[in-house]
Amino acid sequence: MRNILLFIFFLFSFFGSQAQQETQLNLLHDVWQSNRTNPALVPDSKLSIGLPSFYNSIYFSGASFGDWIRENEEGKIMLTPNRAIEQLKDQNRITGALQLETISLGFWRGKVHFSAHHAIRGQAWLDFPKTLPQLIGQGNLPFVGKTMDLSHNLQLFAHSELGLGLAIQPIEQLRVGGKIKFLNGIADISTTRNQLSLKTEEEIYQLQLTTDYQMNTSSFFQYNGFDDLNNVVSVNNIKWSDFLGVNRGIAFDFGVTLTAKKSTLGLSLLDIGSIKWNKNVNNYRTKGIFEYAGLDIARDFFNDSLSINQSIDSLKTILDIQTTNTTYQTNLPTRFYFFVNHKLNDRLTLGTSFYSTWYQERLRSALGVQLQYQFTNWLSAGAHYSIYNQPAHHFGGNFILNLGALQLYGITNGFFPLLSPNKANNFNFRVGLNIGLPSVK
Amino acid sequence: MLKLFYLLLLLLVINTACSKLLDIEGIESDPTYAFPLINSTVTLRDIIAGFDDNTSLLVEPDGLLKFFYRGDTIIRSSQEVFDGINSAIPPFIPVIDTAFGFPISTSTIKVDLIRFKNGQLDYTFFNNNSNQIKLTISLPQILKNNVPLSRTHIVPAFSNLPMSSFDLNGVELRPLNDSIYFNYSAIDDNNKNVKVNNFFLIPRNLDFTYFEGILASQIFAGELDTLEIDFYKDWINGEVLFESPTVVINIQNSFGFPATARVRVLDIITINDDRLPLESPFRQTGFEFNYPSFQEKGKVKGTSFVFNSKNSNIGEVVNAGPTALVYDIDAVPTPNANVSGFITDSSYFAYSIDAEFPLWGRASNFSVSDTSEINLSNFDKATSLQFKIVATNKIPLGVTLQGVFLDANNRPLDSLFAKPQRIIAPADVNAQGEVISASEQITHVSFDNLRFNKIRNAKKMILQTTFDSTNEGKVAVKVFDKQDLSIKIGVVASF
């Protein structure tokens, strides 16, 4: 169990926030990567080349990063669930996001803008009750005579995508864009049924585990039973071929922008699609009520061999997990963006952005307001306020540095976490490098 | 190349934003898990079987349990009688006249009928006459198909009769006046009766299938044997007082005559190595046992003679703590019975001895000790352990435990309790010693970090178990086969 928890934290360091609550990027139209939030958002440069850019965010509800992680006296980084438990609510969430864009290209051809990009993206979240880390950190003794709800929803996946985009400008004020993305799933761990509860009786702590739980995995996750938890993740076995040609999927993006005098507004719907997982698929299913009341070995207890290991071994086997290898399909979190940018003057732009994602039959939203100032022709910077998650208020900003054709930019939704990560619940940033050729205008 | 590029990017990520997360080396936690270990219901039979596989526990018709020990079976066969008859017959019988008889019965055996299974009667003589003779030999008490054996020989003058034989297979011997007779008549060529010299009868290889008559003082001698009683094998101290112990002598007999078993030795060896004789009037008189009548030839008749508290001092000697029973039993024909009986070649007399201790009695501080292997390796990361023992007892015996943990070199590490602790209370009983309600007791056994560190490497445990019947052994209680003990053990382990 500890290994699994460590593994999940490892992956969360890469993957997904409750979707990537980026309410800034689609307000920064000079940054080529804003195109990934709206396919109609294309720069005026004749040619745009995106060099590697990286986005990462992680979010803990309730407890902060420092509550979960600490460096002990021996200098080892330790996971500290007991410190986090004090800050947790009855239901909690940990999310993370990763986007690693390797290269991208965009160019105008008349009124049509063509684009292509390749990226590795990962998203993940875990909805869990406070009792889950309590079981790991404190055990079940505090819950003797009670039922611990251990139900949780884990969604964790990564894929590579190759996107081909097209944007047209039928009239001066209007741009309409679309994108098709060819996906290859890298890995997935996702629950489709989430019910788990553990009841501990008062008498002699008889256990009753009630389950209606299914976890699907693809690629490098392998459950071999309780005795082999050290080998649940076979990262060493990942091969380059795992990234290509398997777990195929397809997704579509649509967007539109409308410019009127000093204002631009945009609307986009992204990641309408799914991935079919067929590489090294395992479906772990357990359903039923599993009771363990102790071994019926009293006679042996009086015999020559007094061994309680037998009881421990039996305890491990009470959970009947059926494993199948049926391919399955997961939908991408579908994102929706709406923004309005208004130039207050030649240097100052005020923008607002609304973001929603629909995933796992739940809608999650964020709202941001931004003030962007063009200090010089080579430096622009902005202040950003956004509202999402708990705590809800985030103060961030960005900079864009244009050195000739070379562009370097950085974005974060929160300054505070960067300065004091141990006290932060949110951690979010994007950095990237682009090359832009002269404007078509 | 592209793969390398990916890896470099991943390393960049690892070494910057998420370095702490990716460097997690463990979990800081101090969980305490509670889970059940044992949940079992056992009868006393199960528990005793766990202590010793050699102990038999039987169930009386009313369900009362009893310890049961049975000794070896000792057998005496009819061959001993037939050997006696054989020895009574002289190996060489000189025939000194034309009519000759000799006694077949002895002071110990009166023969009415013998049937031969095998054997032969050889004979020879010398014709010392100057003429050829015609000699006819007849045996009126030895019959084949109800016809006396007889044979005629022509023997030349001054000649020996070569050795001749009567085949005795299937032949019956019916003595007349306890004797058998031989007659011969010899006539020479002149029709004159003559006698012969050196006439001898030689019985050979006699074997019998049936004997009928009276065995006056034939003794079927038993042999000294010992019945081990391991009830006290692991005993340390205390006592168990049985209300109705018995020693039973079981006899199986197919000899067809009245006989008496004489108990020559019946002593009990106690835990203190004392030898206490079981005293009873029947030790002097013996006891008769059943035998088949003439109409029941071939049948085996059984007899069980019980020494109990009414006819012996068994209660006294058994409660001294028996570890063995030494015994020797003979069988003799009932004196002065003067009744004709029979023996076949398959007749036998066999006996065995049982010691029975019905579980009706009192136990007081009755302690046994045993050493068990233990293995705490599954708790190697535990810092403390607390066991919760819930015992629901329908048996009128309570259990007090003490244990000593030993390392691999049998050095004591720590004890289970500070002092012996009762973990199972006896069930309540009525005046007849029968259980009227179960008892329930909950016991906690704790090993904090300090104590647990002491026993962490324990390999063995000496477990001293002390039994007391209800009311601290002051009431005689009965243990029935349906009574059981429910033991549930849970553990709280801190890591």
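**A walk through the second largest pocket, the cores and a strand**

In chain A of this predicted model, go ahead and select strands S8 (174-200), S10 (248-260), S11 (263-277), S16 (334-343), S18 (362-374), S20 (393-403), S21 (406-412) and S22 (426-436): each supplies at least two residues of the lining of the second largest pocket. Colour S18(A) separately, since the largest share of that lining, four residues, comes from S18(A).

Now show the pocket itself, which has a volume of about 1200 Å³. To find its centre, pick A:His29, A:Asp30, A:Pro43, A:Asp44 and A:Lys343, the closest to it of the 46 lining residues. Colour the lining by class and you get 14 nonpolar, 22 polar and ten charged residues.

Next stop, the nonpolar cores. Select A:Trp68 and B:Phe199: these have the most contacts inside the largest nonpolar core, which has 162 residues. Then bring up strand S8 of chain B, residues 109-127, where the largest share of this core, seven residues, comes from. For another core, apart from that one, try A:Leu183, A:Ile275, A:Val281 and A:Tyr328, which are among its ten residues.

Last, over to chain B: select strand S5, residues 74-77, and pick out B:Ile74 in it. Is B:Ile74 buried or exposed? With a relative accessible area of 5%, B:Ile74 falls under the 20% cut-off and so counts as buried. Leaving aside neighbours within four places in sequence, show what B:Ile74 is in contact with: B:Glu223, B:Asp225, B:Phe349, B:Ala350 and B:Tyr351. Draw a C-alpha to C-alpha distance to B:Tyr351 to finish: B:Ile74 and B:Tyr351 are 277 residues apart in sequence but 5.4 Å apart in space.

Definitions and conventions
Residues are numbered from 1 along each chain as its sequence is written. Chains are lettered from A and ligands numbered from 1 in the order in which they are written. This is a predicted model: local features need pLDDT of at least 70, side-chain atom pairs count only at pLDDT 80 or more; totals for chains, interfaces and linings use all residues. Side-chain values use heavy atoms; hydrogens and water are left out. On a 1 Å grid over the protein atoms alone, a cavity is a set of points where a 1.4 Å probe fits but cannot get out, and a pocket is an open set with protein on both sides within 12 Å along at least five of seven lines; lining residues have an atom within 4 Å of a point. Grid points are joined across faces, edges and corners, and a volume is the space filled by probe spheres set on the points. Ala, Val, Leu, Ile, Met, Phe, Trp, Tyr, Cys and Pro count as nonpolar, Asp, Glu, Lys and Arg as charged, and the others, Gly among them, as polar. A nonpolar core is a set of buried Ala, Val, Leu, Ile, Met, Phe, Trp, Tyr and Cys residues joined through side-chain atoms within 4.5 Å. Buried means under 20% relative accessible area, exposed over 50%, partly exposed in between (1.4 Å probe, protein chains only). Contact means heavy atoms within 4.5 Å.
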